[in-house]
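Look at the sequence and the structure shown here. The text below begins at the ligand and then turns to the space around it.

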Amino acid sequence: MMEERIQELLSEVKGYLARDKKELEAFRLKYISKKGEISELFEQLRKVSSEQKKNVGKVLNQLKQTAESKLVELTEKLDAVPVESAEIDLTLPPVPNEIGNLHPLTLTRYRIIEIFERLGFNVADGPEIEDDWHNFSALNFPENHPAREMQDTFFIEKKAGEKGHQDVLLRTHTSNVQIRLMEKQKPPIRAIMPGRVYRNEAISARAHCFFHQVEALYIDKNVGFADLKQTIYHFAKEMYGNDIKIRFRPSFFPFTEPSAEIDVSCLICKGSGCNVCKHSGWVEIAGSGMVHPNVLKSCNIDPEEYTGFAFGMGIERVTMLRYQINDLRLFSENDIRFLRQFQPVI
Ligand code: PHE
């Protein structure tokens, strides 16, 4: 009888789990304390007949030792684990990793590249710190064109050289990459050139001192204005869907002739009037035109043989329409509440 009870307790003790201090104390009270089961058994041992005493005493002592070392083991285990994680529930789903996401301007740039790559346009790159030749002179800007003036351009170094201006500046548009491409590559050329540009403008909801453009250049034999129009129509539909409306307004750029500004219907107010479309229902997204013969000549391309179109699109504007954002400043404020809204849905 007594031996059976001892064996029972032995297996109980061996299998005991203490998940917290309370359960540990319960263990101590039940088996080890003076009023515990084991002390009780030692009391009973006195009544056991002398021939059995030796054997029963042996197993009882074993039980006592096992219980004591179990208490040490359980105490050490609990002390090693911080209190909170002692209560870990392994069935809970894991806390998701905080992953970042791409900036809305990057998302839009990627989309623009994707659309034009399918039309056979390569992606080209150029410097943000530029010389006067690539930013102005080669693009047919006359000597005294107002865009060269201090109020528009951030000059890094002003110097006059033999061939006129030799200034170093922050590029005011991505059209500098047109020149760099045509200087080193013979037509046909079909490329887009995304990048950051700088203008000395007061910062407001519609303007910033730096922003982003994607320039496009297509030079080949027999390229006409219809090709430009078709390319822009295709782009606008891919970017905004079939309901988008587009209009070309006659304009002027020194480096294109004829020139046009491209407007799309305002997707922010749907035509009812807002600060982005200045209550006109239309938003300008690009300047465009047929590359001026003087520009081709500056790059040693024969304008009698080749023609081409170019356009420069504002990535901020395209993004504002795409996501219905009405303030340009949000793009550079790094407000996490704004940026998180562009997290891809997984
Ligand atoms: N470079 C012009 C601008 O910044 C845009 C443009 C590019 C116009 C190419 C015509 C052709 O406004």
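How far from an oxygen atom of the ligand does a polar side-chain atom of R199 lie? In this predicted model, the distance is 2.8 Å. Taken alone, the ligand exposes 330 Å², and the protein buries 91% of that.

Two other side chains face nitrogen in the ligand. An N or O atom in the side chain of H173 is 3.0 Å from a nitrogen atom of the ligand, and a polar side-chain atom of S175 also lies 3.0 Å from a nitrogen atom of the ligand. There are 14 residues around the ligand, and those that come nearest are H173, S175, R199, Q213 and G312. By class, this shell has 8 polar, 4 nonpolar and 2 charged residues.

The ligand takes up the space of the largest pocket. Four elements give two or more residues to the shell around the ligand: α7 (175-184), β8 (210-220), β11 (282-291) and β12 (307-314). Of these, β12 gives the most, with 3 residues.

The largest pocket itself holds about 810 Å³ of space. Its lining is made up of 40 residues, and R199, F211, Q213, F253 and E284 are the closest to its centre. The elements that each supply at least two residues of this lining are α7, β8, β9 (246-253), β10 (256-265), β11, β12 and α10 (315-323). Here the largest share, 6 residues, comes from β11. By class, the lining of the largest pocket has 17 nonpolar, 14 polar and 9 charged residues.

Notes:
Residues are numbered from 1 along each chain as its sequence is written. This is a predicted model: local features need pLDDT of at least 70, side-chain atom pairs count only at pLDDT 80 or more; totals for chains, interfaces and linings use all residues. Side-chain values use heavy atoms; hydrogens and water are left out. A residue is near a molecule or strand if one of its heavy atoms lies within 4 Å of it. A polar contact is a pair of N or O atoms within 3.5 Å; within protein, one must be able to donate a hydrogen and the other to accept it, and residues adjacent in sequence count only if both atoms are side-chain atoms. Accessible areas come from the Shrake-Rupley method with a 1.4 Å probe; for residues, only the protein chains shown count as cover. On a 1 Å grid over the protein atoms alone, a cavity is a set of points where a 1.4 Å probe fits but cannot get out, and a pocket is an open set with protein on both sides within 12 Å along at least five of seven lines; lining residues have an atom within 4 Å of a point. A molecule sits in a cavity or pocket if more than half of its atoms lie within 2 Å of its grid points. Ala, Val, Leu, Ile, Met, Phe, Trp, Tyr, Cys and Pro count as nonpolar, Asp, Glu, Lys and Arg as charged, and the others, Gly among them, as polar. Grid points are joined across faces, edges and corners, and a volume is the space filled by probe spheres set on the points.
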